[in-house]
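Here are my notes for a first look at this one. Have the structure open while you read, and take the points one at a time.

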Amino acid sequence: MSLMKNTLDILKSGSFDVAESDYKKCGYHLEVKLTESQVRDFAQAMLDCGFYIDFVSAVHVTPCFQVVYQFAHFDEACRINAKAMANAQGEIPTICDIYHGANWHERETHDFYGVVFTGHADLRTLLLSEEDADLKPLLKHADKLVNVETITRKSGGDAEMKPVKKTKEEQTAAE
Amino acid sequence: MSTMTKFETTDKHRFLLNMGPQHPATHGVLRVILEMDGEYAMGIDPVLGYGHRMQEKMAESRTWPGFYPNTGRMDYVGAMPFNHGYVALIERMAGIEVPERAEYIRVITSEMNRIASHLLGIGAYVLDLGAFTPILYAFDDREDILDALEDITGSRLTYCYYRVGGVLKDIDDTFIKRTRAFIENFRKRIPMYNDLVTGNVIFIKRTEGVGIITADMARRYGATGPTLRGSGIAYDIRKSEPYSVYSHFDFDIPTGKNGDSLDRYYVRICELEQSLRIIEQALDKLPDGPVLAKPKRAKLQEGDCSFSVETARGVLTYYLVGDGSEVPYKLKIRVPSYSNLSLLEEMCTGMLIADLVSAMGSLDLVIPEIDR
Amino acid sequence: MNATYQFIAEALFITFILLTLSGAWLAVKARILMHSVLGLAVCLLGVAGLYFYLGSMFLTMMQILIYMGAVCIVLVFGIMVGYTPRESAERNIMSRNMVLGIAASGVAAVLLFTVAIGRTVWSKAAESTGDFSIEWIGKSLLLNYCLAFELISVVLLVAIVGSIILARGGREEEV
Amino acid sequence: MQQIIDLIQTYSLLRMLIAFLVLIGIVFLNAIVMGYLERKIAARIQRRWGPMEIGVQGWLQMILDGVKMLAKQLIVPRDADRFLFRLAPLLCFTPVVMIFAALPFSKALYGINLHIGLIYIIAMASINVFAILIAGWSSNNKYSMFGAMRSVAQNIAYEIPILLSLLSVVLTTASFDLQKIVEAQSGWLWFAVYPNLFVAFVIYLIAGCAETNRAPFDLPEAESELTAGFHTEYSGFGFGLFAVAEYGNLFIMASIASIMFLGGWNGPFGLASGPLMGAFWFLSKVFVLMLVMIWVRWTYPRVRFDQLMNLAWKYLIPFSLVNLLITAFLVKMI
């Protein structure tokens, strides 16, 4: 686990908000919380440590989009999950010139959510067709939209299954 | 899918060539816009989305068990690991223990599916290079696997066999006998593939040194699977983040040296043997017991969770965000071919179109998986 | 019966003449370069027919093999490489070149008629001195007419070298 | 003029017409037989059955396919050069029929005997390239254009070793007359048993494979790169004629090989070769050669274009030139 410790140190010295997390429960080893301005520095640090990019995506919450980056390493088991909040206009700096693979992921995120990756040279639609460019299919409906706190893992929260009482309303809602 | 291309050609020596969406070498509805200078592809712009179904939206609009069938319909060639990733993700999120026999069955079926997928990939690749015969030999072997899997899962291609807490149905003696017979038979066939294809002078001339991927490129683009291992990096989720019961088995990660098409092809051939080894060990050690934990309807807890599995084409990551209800708040599906294909531009710029076909085929793309 | 054969032979002759002339006309008048070359091919085919009419099967075949099978194809190839499919030559009917061309050919025609044709003493063709078999042609080319034969090959060599230089010039210009 | 009159007097117009129709029939028959054989053999190589439904072992399949093709429309793309687009298949097909006229099936069974039969065949075969070019260009499709251009480059390159290797036989027999060449091999001594001519034979076979655009040299129609090359846009009988002409060219290639190197209609071991037996021997040699080419096609991957050109210019042409010189030397010496 030397690699993980190493990375942890490097990230801490770079003044990133990084914490170890329970791999058994959430599937990644390190969790990083970024501010909008830190994204590019963080990506550069990741590349310097030899991580590869797994994906870039976004979650639609209030107040704005939470953009998720995941990195992993070829040599050892070390998966890093980073989250950054986009600014109020839904903008966040691109990392596609650092990690070229992020290009398509960012285009896809732009397709689905409308997150604008500033500095991205080519934000044409990728998966959606051109006439659907304004569709933004993954944006949540107002009554489903939740605050970012709701989807944040509670520290020490139990991982047990909560039994569900089947109520009529819920069933219809699910359908 | 963007109908506009990024190329604004003014050079009169260059012209645009539409490769696809109905082109034999793109294996489905992928379109690649090429800016050609004679037979050289000087600019490459893949256009995706012809088979786009918005799987992630579907995941957000139904309760989590409702998404089972969709998982098998992304990569229709190697659907089992896609099932596996999804059920394992829910299990991880909800903390469900899976009976050991079920895990063994998952490994057996996943590996068989991987062999089937590799066979198709190898066959189709050699077909891209103009040899028609090997794909039919590969289909011959693949048929045995599909028949065996059909008996226990009920489907031949888009499986929906795994359940949260285990598998749908226990395997029987017929299946075990069949699988063992297949292993014995298939061991004898692998040298035949090597004789027919790997040793062929024309094949080597067409693949050696074509489409080289360096470790640095793989890192920047997130290339995984045989595409990565051809470059000499022994990275396999089954070893590095062992899920299910993969840690119980003894197998190697074959790697290439140069990262060219030949290496990627040969890594797949070697992985056939490794998968056979895993299946053999799993059949030997197969424990008794139930195959499905008592099913419960469960709410997904708040917070995020990710799960990565090794599919036939590379790392598949499901990333799920729950908001405490039964419906996933967000499900991101990171598919391997997506990242592998994004390499194409850097890998193939300035290549002959024949080499482009060779390099693209060696990525072993499944387009519906990319489009999701 | 013999008259019928005579008629057929003459009809063939007329056909070949027509082929030659119409091919030549097409070669000059066609707006698309490709059609010009095809016209040239038709014209050359007509010439081959005339050789056939004159009784030399060998020359006929050589005409087809060399002029249609090689020269025309190289021309077509050059056009395909150099022009986009539908590009047609621009024409300016009364350009200066046209005027000059007409003037030059007029002068040439007048000279030809007054000087060359007018002064020639016409006499009956001499009896053929050989049997015109392939052996005879081959021997005369390599013995009696050796110099002419070799000079032709020098001309071809010059043509090849010239085309190579032209092709190289085109490439460098591009870079 | 006298030549034409002589020609008509010798053969008579009606006979010429009938012969021409028969030849067209033979070309189509050849395509049907070869198409069936190719599908059946390919199927056997690939562990499957091939056509089985129509007729015993599916032998009627190709005839029905032909009927289907006849019934289908030749779709002309909107921006194609309509006249040339329709002309190209005919231009591809006609030389094949004309060449068939000059092939000596046996001592007495041939369409027309020319004293320069070999030159005639080569000249006619060169028109084939022209047809492919026109087809590729007039389709107004980039893939077709690619196919056509590749085809030209390939044919120009491979015609040279073909001519050079055939020339060594011509040097040996001092004749372009196919009948005389066959007669020179009567009895045992087929030309392929002489070492120098055997080399020429091998070179001819390789180059012939490329000249007829067969795998592993089927670059003009490489389906994984160029969809279908020069005939991408053709449908119906336009496509059918191309297919028929392809098999016709294959037959011509194999028959020239058997005439020039394998003794044509001479039977092996000095066996009888009358008009009918001769045709039998000739056809069996031709079909054996064609089966070999089918076998190769379904075994090997396709080479890349620059490799193909390298093979021609760097290996086949020098080898055949040297071989020709050696042959010339030997002919002078002996």
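**Notes on the model**

1. Let's begin with contacts in chain D. Of those with a separation of 6 or more, 76% are between residues 24 or more positions apart. Keep in mind that what you're looking at is a predicted model.

2. What are the elements of chain D? There are twelve helices and zero strands. Read from the N terminus on, the chain goes α-α-α-α-α-α-α-α-α-α-α-α. Its radius of gyration is 20 Å, close to the 20 Å that the globule rule gives for 334 residues, so chain D is as compact as a globular protein of that length.

3. A few more numbers for chain D. The C-alpha trace spans about 60 × 50 × 50 Å along its principal axes. Of the 334 residues, 57% are buried. The accessible surface of chain D is about 13900 Å², and carbon and sulfur atoms hold 73% of that.

4. Now over to chain A, and strand β4 (residues 65-73). How many of its nine residues are buried? Nine of the nine are, so β4(A) is largely enclosed by the rest of the structure. In a regular strand, side chains alternate between the two faces of the sheet, and here both faces are covered. On one side you'll find Phe65(A), Val67(A), Tyr69(A), Phe71(A) and His73(A), all buried. On the other side sit Gln66(A), Val68(A), Gln70(A) and Ala72(A), buried too.

5. Which strands does β4(A) pair with? One of them is β3 (residues 51-60) of chain A, joined to β4(A) by nine bridges and running antiparallel to it. As a landmark, Val56(A) has Tyr69(A) of β4(A) as its bridge partner. The link from β3(A) to β4(A) is a hairpin through four residues.

6. Strand β5 (residues 79-85) of chain A is another antiparallel partner, with seven bridges to β4(A). Look for Ala72(A), whose bridge partner in β5(A) is Arg79(A). Here, too, a hairpin makes the link, and five residues lead from β4(A) to β5(A).

7. Chain B has a sheet worth a look as well. It is an open sheet of three strands in the order β7-β8-β9, with antiparallel pairing. At the edges are β7 (303-311) and β9 (330-334) of chain B, each paired on one side only. From one strand to the next, the twist averages 10°.

8. Within that sheet, β7(B) and β8 (residues 314-322) of chain B run antiparallel and are joined by nine bridges. Phe307(B) makes a handy marker, as it stands opposite Tyr318(B) in β8(B). What lies across these strands? Helix α3 (residues 79-94) of chain B does, lying across β7, β8 and β9 of chain B and running at about 150° to β7(B).

9. Chain C gets a brief mention. Its domain assignment gives domain 1 (1-83) and domain 2 (134-169). The centres of domain 1 and domain 2 of chain C, taken over C-alpha atoms, are 23 Å apart.

10. Finally, which chains touch? Four pairs do, and chains A and B have the most contacts among them. Chain A does not touch chain C, and their nearest C-alpha atoms are 27 Å apart. No contact joins chain A to chain D either, with 24 Å between their closest C-alpha atoms.

Note on methods. Residues numbered from 1 in each chain as written. Chains lettered and ligands numbered in written order. Predicted model: local features only at pLDDT ≥ 70, side-chain atom pairs only at ≥ 80, totals over all residues. Heavy atoms only, no water. Pairing = 2+ DSSP bridges. Helix = DSSP H or I, 4+ residues; strand = E, 2+ residues; numbered from the N terminus. Axes fitted to C-alpha atoms, helices over the stretch in contact; angles between N-to-C directions. Contact = heavy atoms within 4.5 Å. Domains from an automatic or database assignment. Rg over C-alpha atoms; globule rule 2.2 N^0.38 Å. Buried < 20%, exposed > 50% of the residue type's maximum accessible area, 1.4 Å probe, protein only. Areas by Shrake-Rupley, 256 points an atom, 1.4 Å probe, with all protein chains shown as cover.
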